[in-house]
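Please open the model in your viewer and keep the sequence panel beside it. The stops below are given as selections, each followed by what is to be found there.

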Amino acid sequence: QGTVKREDEQKFCLCVCHEHTFVSPDVQGADIHFIAKVEAKDLLRKPTVKWFKGKWMDLASKTGKHLQLKETFDRLTKIHTFEMHIIKAKENYGGNYRCEVNYKDKFDSCSFDLEVKGRVILDPVIVFSEGQEDAGELDFSGLLKHREHKQEDVPEVDVWEILKNARPDEYEKIAFTYGITDLRGLLKRLKKTKKVEKKSEAFAKKLDAAYQVDKGGKIRFMVDLADPTVELKWYKNGQEIRSTPKYIFEHKGTQRIMVINNCSMLDDAAYSVAAGDEKCTTELFVKGTITVKTTVNERIELECEVSEEGAQVKWMKNGVEVPTGVRSRYRVKVEGTKHTLVIDDASKDDTGVYSIMATGGTSEARVQVDLKPLKIFQDLQDITLKLGEPLKMHCEIFPGNVPGRWYRNGQLIQANDRINILHRAKNHRLEVEATSLHDSGDYTFVLEGYSQSLSAKVHIIDPPRVHLETLNFPDNTVTIVAGNKLRLEIPISGEPAPRVVWMKGERVILESGHRVHAETYGDHTSLTIEVTEREDSGNYKIVLQNEAGEDTGSVKVKVVDIPDPPEAPLVPVVGGDWCSMTWDPPIYDGSSPILGYFVERKKKQSSRWMRLNFDLIKETTFEPKKMIEGVPYEVRVFAVNAIGVSKASEPSKAFVPLAVTSEPTMLVVDDVTDDTVTMKWRPPDTIGAAGLDGYLVEYCVEGSKTWTRSDIKAEGEGGTDEWIPANKGLTEKTKYTITGLPTNAKILVRVKAVNAAGCSTPRTIQHSILVKEVIEPPKIRIPRHLKQTYTRRVGEAVNLVVPFLGKPRPKVSWLKEGQPIDPTHVSIRNTECDSIIFIRKAERSHSGKYELTVQVENHTDTAILDIQIVDLPGPPQAVTIEEVWGENVALDWSPPKDIGNSPISGYTIQKADKKTMEWYTCVEHYHRTCITISDLVIGNEYFFRIYAENMCGLSESATQTKDCALIVKEGLQLRTPEYIDHDFKEPPRFTQPLINTFAVAGYNATLNCSVRANPRPKVIWMKNKIAIIDDPRYRMFSNQGVCTLEVRKPNPYDGGLYACKAVNDLGEDQVECRLEVKGECGPHEGHLPRRLGDGFPKA
């Protein structure tokens, strides 16, 4: 083993190990392993290691059948291990090898030599040289080995002459070939032999013939050069040596020194130094230790040969002298120069380092005593038992007199009342009366003194069981809130560990499930639901199976959740500012009883809901109050249980809080006949937001059971059951005739106003009415607009209503110009109180005087209506150009033949240039039949046309002049007047200031003013001298100088001093006003809370 260490900025160590049975040389055909270990605790990455043979051959490219490179890393010790394996070495594999390690700019290397020889068995002995001066010096070329000595015949060869003529690097090979055991002695003698040598020209002093060093020590080779300028190279077994931390080169004048540090057995080699063409050689011997292996009860002999007979030696073991007395286990034999230490019946205690000390040196060897191999006649067998059955284990082992120990899962088994351990000769037994689950495991029988052991497995099986009794849940029911994680652990037992299957219904729950999955451990199984849902409720079945049986269990999971929202509530009754609502409980109560309900409402057009109750409502009815009449509302309901509040129900259908109107007013009798009574009245004073749908008229006949004064009391009091409705449906008119009454009967009449909220309080007439007709002479009441001529255009509808009076019902007749009216052209409809004449499309023939006659018995009354139907006039006649002078043209024409049954109100004159024939109006509404047109363009020719006009409009066509009028030039010159541009710029000036304004809370208010300025000014609105910017409560408009600020739904907090400021480049102006908002806010209303109170009645 060779080790090289270098200390640098980054420390790391390279250690190369040669592992083989023989130290050196290696035997041909054997496998050789070299290991390099790099200590790199502080390195950030793996270092780079390369193996070389010779100088430059990289062995990475030679890997294959006989060469393999491996590398590993130990994370605990932070050591990189690099291995080179030579498989079935050959002789040509020998030579110098080198291992280099690199990391960034750090470098280290280690060189070693490999020599492969044929298979030869060496007899390791220790001899002393025969020289007198060196007597007693220990020669390390011998080895210790336990053997039976055999003599070998050596041929008679003059080895001395061969050594004298051989090179120093061939000495060891010669000694090996001819079986020389005292090579050191021969070399000492060879050194003393006088030899004629040539004087060296390069070396003043050469290397010694041989050097010796202890293993791990340091040796120095030194030569003295005759010429210091000569280049010097050092070699080891013919391979050049480079400077490394192991090999250090020094220069001292003419002396050249090579120092080898930490010598190992690999450094035992021939060294040479070359200076130019001359070379001198030497040999280095490294003292080492060998290992002798044997087994227990064998005989050990350690033999050493010294140089002299009768030499005093001392045997040592681990540094302590070996006792050699009569009772000692150690015996010493001496045969001439051979000294032998004998150990009979060796034991493991005899392992150690043995050494022999003589006056001239020391030699040592390591003895290792191992146990004899076991012979197993019957090995332990694997056993499977049911729980409670007896266990018997048996084995037969040779040698039989060796005791042993039993282990279960690595724990020593001690005999007790239940466990019995027996040993008889070769038989070893272990018996257990009644097995338990703890007896299952790996059993091992270990003989004392032996590393080999016998093993077997004992398998105790037990039927599976589900231990639901350990759960602290009543009826094995687990309750959990939806959305939480459920992890249900169920203890189980069984040997071997049972196969566990979780099921819900027919569905198997897998371990790989995403949200719901099952897991099984050694002593329990678990069901995990990451986020529980209401669908997870139900019975979960656990099935256990193993080779001993099967068991099942059931657990009920109850997932409680917030309830489902109730159905949309119903609003059956609505009042002026209240309503009555009802709803059904939710279908799913979340597996928890409903504790109550919350109710919210909002305006239909709003998106803000307001809760109406803070204490839970136990019933399913509620009456919201304090609503604004006429505003549509919606309500919704929340269900509450112990878990929480449900989602909101769907909103109810929109409803409007409405109040009934006040009673009708001024109920009087309008007309009475023999079987009818006509009543009329005025609408109620207060109608409300619900409006008025109509009226209900009721009467009560004198002599009925309920004919009392209570009949005229308000609705809801006694006697109302005998009131008879006079109209089946509501009447929208404020007049109604009750028919079918008995003549000469007396009745009471009352009227109710009806709207969506119901019937109002009835208005009852104060006195009874006698059903008997009264004669009234007829009288026609001509409307004011019919007292003069009634004019309509052709095609328009004529609808005239002429009221009249008279009782009984008058007879009505119409005449036109004294002739009856043709009903196919004019429709006439008569009623009791008026007559209607209707013409769908009026024509001129419908014009004339219509006479209306109304007759009641012998009484008559007449009236005449003058109806005039007008149409568009025809065009004027004969338009002529009377005269043209200068820029003027005189026109003349005649009135149209058809004036459209209406006087001509004027004429419209137009002109057109002959070139373009585009018509332009010159004069409108002109009354005369002649005109002079002026300011015509000189050189142009003009045509003229005229339209006639009456009350219906212009005539459909115009009359055009046949000839054109030429405007002749008369030598006039046109002067273009010069105009001076007017400067319209002016600073802002308010032409209409702001006016102090009063507004009603909740209704939009506007502030208006007008400003005049050029260029257009920038308008800034301010409240309390603070500019209003991007406030959604305000809207600003500016159109043609009129500035408007709209305050949306103000409240009293919006009141204050408002100002409008106009600014341009020429100046600025400002006007102010004060806004006061009337009304009150709720206790929590302000600028922002005002929106939360929308739709609530003010306190």
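A salt bridge is taken here as a side-chain nitrogen of Lys or Arg within 4 Å of a carboxyl oxygen of Asp or Glu. The model is predicted, and by this rule the count comes to 39 salt bridges.

**Salt bridges**

Select Arg 98 and Glu 100 to begin, and display their side chains, which meet in a salt bridge at 2.8 Å, N to O. Is Arg 98 buried or exposed? Arg 98 counts as buried because its relative accessibility is 10%, and Glu 100, with a relative accessible area of 15%, is buried as well.

Next, select Arg 487 and Glu 519, whose closest N and O atoms are 3.1 Å apart in a salt bridge. This pair links distant parts of the chain, since Arg 487 belongs to strand S39 (residues 486-495) and Glu 519 to strand S42 (residues 516-520), with their positions 32 residues apart in sequence. Arg 487 counts as partly exposed at 37% relative accessibility, and Glu 519 counts as partly exposed at 24%.

Move on to Glu 663 and Arg 763, a salt bridge in which the closest N and O atoms are 2.7 Å apart. Here too the pair links distant parts of the chain, 100 residues apart: Glu 663 is in the loop between strand S51 (633-641) and S52, whereas Arg 763 is in strand S59 (residues 763-764). Glu 663 is partly exposed, its relative accessible area being 27%, and Arg 763 counts as partly exposed at 26%.

Then select Asp 113, Lys 236, Lys 246 and Asp 267 together, as these residues are linked in a network of salt bridges. Keep Lys 236 highlighted for the next stop, where Tyr 271 in S19 is its bridge partner.

**Strand S19 and its partners**

Select residues 270-275, which make up strand S19, and note that six of its six residues are buried, so that the strand is mostly covered. In a regular strand the side chains alternate between the two faces of the sheet. In S19, Ala 270, Ser 272 and Ala 274 point one way, while Tyr 271, Val 273 and Ala 275 point the other way, and all of them are buried.

Add residues 232-236, strand S15, which pairs with S19 in the antiparallel sense over five bridges. Add also strand S20 (residues 278-287), which runs antiparallel to S19 and is joined to it by six bridges; among the bridge partners, Ala 275 is matched with Glu 278 in S20. S19 and S20 form a hairpin with two residues between them, and in the turn you can select Gly 276, which has a positive phi of about 70 degrees.

**Two buried loop residues**

Select Thr 676, placed in the loop between strand S52 (665-672) and strand S53 (677-682). Although it lies in a loop, Thr 676 is buried, with a relative accessible area of 13%. Leaving aside neighbours within four places in sequence, Thr 676 is in contact with Asp 671, Thr 737, Ile 738, Thr 739, Leu 741 and Val 771.

Finally, select Cys 952, which lies in the loop between strand S75 (941-950) and strand S76 (953-954). Which residues does Cys 952 touch, not counting those up to four places away in sequence? They are Arg 793, Val 870, Asp 871 and Leu 872. Cys 952 is buried, at a relative accessible area of 13%, and its C-alpha is 8.4 Å in space from that of Gly 900, although the two residues are 52 apart in sequence.

How values were computed: Residues numbered from 1 in each chain as written. Predicted model: local features only at pLDDT ≥ 70, side-chain atom pairs only at ≥ 80, totals over all residues. Heavy atoms only, no water. Buried < 20%, exposed > 50% of the residue type's maximum accessible area, 1.4 Å probe, protein only. Helix = DSSP H or I, 4+ residues; strand = E, 2+ residues; numbered from the N terminus. Pairing = 2+ DSSP bridges. Contact = heavy atoms within 4.5 Å.
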